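Q: I am new to this structure, and I would like to learn how its features are read. Could we go through them one at a time?

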Amino acid sequence: MPKNKGKGGKNRKRGKNEADDEKRELIFKEDGQEYAQVLRMLGNGRCEAMCIDGTKRLCHIRGKMHKKVWIAAGDIILVGLRDYQDDKADVILKYMPDEARLLKAYGELPENTRLNEGIAGGLDEEDDGAGDDYIEFEDEDIDKI
């Protein structure tokens, strides 16, 4: 039987939890950067995102974030724009939901940006405007039937 020559197994590769829950300083965009909202994940470390300037871009998740920071559709991210390719960008940072709300409060994100924390939160807002699903009859209407 061969001897184990590695330094550990799957749990070592997974690493420690880096305690991202603690408060970190809010990072604003600089020139050459833009805020974006993820439309869909494409796989292979890429995603499609709608930037705040109105351009849909193909974004590449940088290696430091790859397999460490999970990005899902609807997340607010900070992307670095490329000088030579306008339709492509690089994901620099993913904002936590509370950070995204702060960005919206500071006026960095437009008011029409929907910050959906999961699928259930986004559907509730649409149902409010639809009204009630039942019809209320008067006593006179029932007598006519």
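Q: Does Lys 67 count as buried or exposed, and what is its relative accessibility?

A: Buried means under 20% relative accessible area, exposed means over 50%, and partly exposed lies in between, with a 1.4 Å probe and protein chains only. Lys 67 counts as exposed because its relative accessibility is 67%. Please keep in mind that this is a predicted model, in which local features need pLDDT of at least 70 and side-chain atom pairs count only at pLDDT 80 or more, while totals for chains, interfaces and linings use all residues. Residues are numbered from 1 along each chain as its sequence is written, and side-chain values use heavy atoms, with hydrogens and water left out.

Q: Where is Lys 67 found, and what is its phi near?

A: Most residues other than glycine have a negative phi. Lys 67, however, has a positive phi near 65°, and it is found in the loop between strand E3 (56–61) and strand E4 (76–81). Asn 44 also has a positive phi, near 60°; this residue is in the loop between E1 and strand E2 (46–51), and it counts as exposed because its relative accessibility is 71%.

Q: How many helices and strands does the protein have?

A: Helices (H or I, at least four residues) and strands (E, at least two) are DSSP runs, numbered from the N terminus. The protein has four helices and five strands, and along the sequence they follow the pattern α-β-β-β-β-β-α-α-α.

Q: Which residues does Gln 33 touch, leaving aside those up to four places away in sequence?

A: A contact means heavy atoms within 4.5 Å. With that restriction on sequence, Gln 33 touches Phe 28, Leu 78, Val 79, Gly 80, Leu 81 and Ile 92. Gln 33 is found in strand E1 (residues 33–43), and it counts as buried because its relative accessibility is 18%. For the protein overall, buried residues make up 25% of the 145 residues, and among contacts between residues at least 6 apart in sequence, 50% join residues at least 24 apart.

Q: Why do Cys 47 and Cys 59 not form a bond?

A: A disulfide is a covalent bond between the sulfur atoms of two cysteines, and the cut-off used here is a pair of cysteine sulfur atoms within 2.5 Å. The sulfur of Cys 47 has its closest cysteine sulfur in Cys 59, and there is no bond because 4.6 Å is too far. Cys 47 is buried at 0% relative accessibility, and Cys 59 is buried with a relative accessible area of 0%. A search of the whole structure finds zero disulfides.
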